[in-house]
Amino acid sequence: MKRAEYDVLIIGLGIAGASLAWKLSQSNLKVLAIDSKPWNRFGDKPCGDAISKEHFDNLGMPYPQGKELEEKVEGIKLYSPDMKTVWTVKGEGFEIDSPSYVQRLTKEARDRGVEILDLTTAMKPIIVGNKVEGAVLFNRRTNETIEAKAKITVDATGYSTSFRSKLPFEFPVTESLDDKDADVAYREVLNTKDEIDEYPYLRIFITQKASPGGYWWYFPKGPNKVNVGLGIQGGMGYPSIHEFYNKYVDYYAPDIDKNRLLVKGGALVPTRRPLATIVWDGIAVIGDSAFTVNPVHGGGKGSAMISAYCVGKAILNAFENNDFSAKGLWDANECYIERYGAKQASLDLFRRFLQRLSDDEINYGMNRKVIREEDLLEASTSGDLQLSTAEKAMRVIMALGKPSLLFKLKTVAEYMKKVKDVYKHFPEEPKDLIKWKHSVDSIILEFNKALE
Ligand code: FDA
Ligand code: PGT
């Protein structure tokens with residue numbers, strides 16, 4: 001068996017792993033980054049490919065350019081189930097060609113000294129004492145087994161969680177995903193028959209009938225090309241996603257040319273709060289594997305980049321202090337929670353509420369502006385649903401004259417605030433993690449009961 005030693009081993013070169021490799025290539029650390037896929041398929045995963053521009057600005061990541069940028073986005077149009085209400089949310093973003101962008105980050109990282117191995121899979125962790133100290137790899141290009149020792153190993157394996165799930169259960173980063181806390185999503189990219197109307201706007205169709213617990217999207221990638229798909233909640237016993245796709249695609253994407261299909265595929269989207277901790281002794285977890293996706297809109301590329309940024313900073317710190325333990329990496333949690341994690345926890349609750357609403361309630365709510373588009377945007381960007389908004393909403397709902405889940409909006413807003421407050425008191429030391437996690441879990445249980 002071949003043996004090698006590194007400072008950092010990154011497993012997975014999707015947007016999360018590639019962003020981290022790119023960031024660490026600016027340091028003097030000896031880094032190895034691997035992926036099971038061949039080079040030309042890095043970053044190639046089923047996705048709607050929409051990212052807000054703000055993420056690149058906030059993190060100092062390079063904008064997608066040339067082939068990497070398929071369309072500049074100017075905003076999102078949100079359609080009610082009966083299509084009678086359309087909310088327009090303005091905001092700059094990109095429709096990217098994800099493989100091109102991820103491969104560009106990876107090439108730049110390699111040019112600055114990061115070693116990259118494609119067709120290489122992490123088979124199992126190396127654990128010494130109770131610390132992760134690297135992984136056993138298999139390289140299909142050379143048919144070699146490699147014992148890769150590393151001071152810090154980073155799991156960026158996406159929704160497969162294929163590395164961290166092999167750790168002993170005493171590692172808190174082994175937390176698994178409940179089926180109901182995920183959406184199954186599927187999309188196709190096709191050319192259209194005619195030029196798309198207002199193609200710089202993404203379209204989101206809310207419909208429990210055609211996508212229970214998720215939504216349909218129509219994301220133009222230019223005047224004649226579109227990414228169209230849907231998500232449905234997992235663990236609910238619904239028919240297969242393909243059944244929904246085939247039944248409703250002509251309704252939500254009437255102008256696609258089915259003879260000009262470019263790509264298709266589906267995957268799971270975690271829709272919950274992040275892992276209670278994204279670091280432990282000798283290990284960090286980023287991207288989908290750490291459940292960093294936005295629970296309400298399912299976008300996870302921007303927040304995968306945030307988790308890579310926070311873990312990157314924590315790694316540099318850990319090397320400065322020569323401490324690779326959970327404690328030495330702990331500031332990754334603080335950074336991620338402040339930038340995105342607390343909002344995710346609050347939106348995890350909002351998502352549970354939205355998934356229980358009927359199409360009639362959503363039609364009513366959107367049409368009568370029970371929540372206004374500004375409030376929804378505020379909720380989905382900061383995780384705050386204002387109580388005053390909820391109180392005003394109560395008055396509107398009273399006029400409905402029949403009992404409705406919408407009545408619970410004030411309770412929802414209260415719990416969203418409550419869980420965010422708990423995240424403000426994230427423990428300063430790893431030893432207090434379990435107690436803190438219990439307090440988060442009990443708020444979620446209480447909230448589920450309150451919705452019944
Ligand atoms: P990703 O899955 O991209 O990468 C993981 C990598 O690890 C893979 O390349 C894999 O080969 C590798 N790997 C796994 N195990 C390994 C092992 N043991 N050894 C070596 N390599 C290993 N988000 C968004 O922002 N905007 C959007 O429009 C959408 N739309 C959307 C639509 C659909 C249909 C889905 C399913 C998802 C989305 N998302 C999204 C979510 C988004 O796609 C997702 O959050 C990110 O791409 C996740 O990036 P990661 O790098 O974490 O994982
Ligand atoms: C309800 C559960 C849904 C589960 C979703 C599963 C579906 C999976 C499919 C995945 C498709 C991914 C689509 C990604 C879209 C990207 C949207 C986007 O970029 O949003 C921007 C940026 O948000 P951010 O969090 O990345 O960044 C924040 C900031 O810029 C950085 O600091 C923000 O725009 C929005 O949030 C628009 C709102 C989208 C809302 C989605 C629909 C929800 C349903 C609402 C129902 C309302 C009914 C109310 C009635 C009372």
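These questions and replies go through the ligand shells, one pocket and the cavities of a predicted model.

Me: What makes a feature count in this predicted model, and how are residues, chains and ligands numbered?
Reply: Local features need pLDDT of at least 70, side-chain atom pairs count only at pLDDT 80 or more, and totals for chains, interfaces and linings use all residues of this predicted model. Residues are numbered from 1 along each chain as its sequence is written, chains are lettered from A and ligands numbered from 1 in the order in which they are written, and side-chain values use heavy atoms, with hydrogens and water left out.

Me: What makes a residue part of the surroundings of ligand 1, and which come nearest?
Reply: A residue is near a molecule if one of its heavy atoms lies within 4 Å of it; 34 residues are around ligand 1, and D35, G48, A50, S162 and D288 come nearest.

Me: Which backbone atoms lie by an oxygen or nitrogen atom of ligand 1, and why are these called polar contacts?
Reply: A polar contact is a pair of N or O atoms within 3.5 Å (within protein, one must be able to donate a hydrogen and the other to accept it, and residues adjacent in sequence count only if both atoms are side-chain atoms). A backbone N or O atom of A16 is 3.0 Å from an oxygen atom of ligand 1, a polar backbone atom of K301 is 2.9 Å from an oxygen atom of ligand 1, and a polar backbone atom of S36 is 3.2 Å from a nitrogen atom of the ligand, so each pair meets the cut-off of 3.5 Å.

Me: How do you know how much of ligand 1 the protein buries?
Reply: Accessible areas come from the Shrake-Rupley method with a 1.4 Å probe (for residues, only the protein chains shown count as cover); ligand 1 taken alone exposes 1,000 Å², and the protein buries 92% of that.

Me: Why is ligand 1 said to lie between two domains?
Reply: Domain 1 (2-48 + 100-176 + 272-329) and domain 2 (69-95 + 179-270) both give residues to the shell, so ligand 1 lies between them, with domain bounds that come from an automatic or database domain assignment. Among the elements, which are DSSP runs numbered from the N terminus (helices H or I, at least four residues; strands E, at least two), β7 gives the most to this shell, with 3 residues.

Me: Which residues are closest to ligand 2, and what makes the side-chain pairs polar contacts?
Reply: 28 residues surround ligand 2, and the closest are E54, H55, Y340, K343 and S380. An N or O atom in the side chain of Y340 is 2.6 Å from an oxygen atom of ligand 2, while polar side-chain atoms of K343 and S380 lie 2.9 Å and 2.6 Å from an oxygen atom of the ligand. The protein covers 92% of the 1,300 Å² of accessible area that ligand 2 has on its own, and the largest share of the shell, 5 residues, comes from α7.

Me: What makes the second largest pocket a pocket, and which classes line it?
Reply: On a 1 Å grid over the protein atoms alone, a pocket is an open set of points with protein on both sides within 12 Å along at least five of seven lines, whereas a cavity is a set of points where a 1.4 Å probe fits but cannot get out; lining residues have an atom within 4 Å of a point. The second largest pocket has a volume of about 350 Å³, where a volume is the space filled by probe spheres set on grid points that are joined across faces, edges and corners. Its lining has 3 nonpolar, 3 polar and 8 charged residues, with Ala, Val, Leu, Ile, Met, Phe, Trp, Tyr, Cys and Pro counted as nonpolar, Asp, Glu, Lys and Arg as charged, and the others, Gly among them, as polar. Of its 14 lining residues, K180, D181, R352, R356 and N448 lie nearest its centre.

Me: How many cavities does the structure hold, and why is the largest placed between domains?
Reply: The structure holds 2 cavities of 30 Å³ or more, and about 40 Å³ of space lies in the largest. Domain 1 and domain 3 (344-451) both give residues to the lining of the largest cavity, so it lies between them; α12 gives the most, with 4 residues, and the lining divides into 5 nonpolar, no polar and 5 charged residues.
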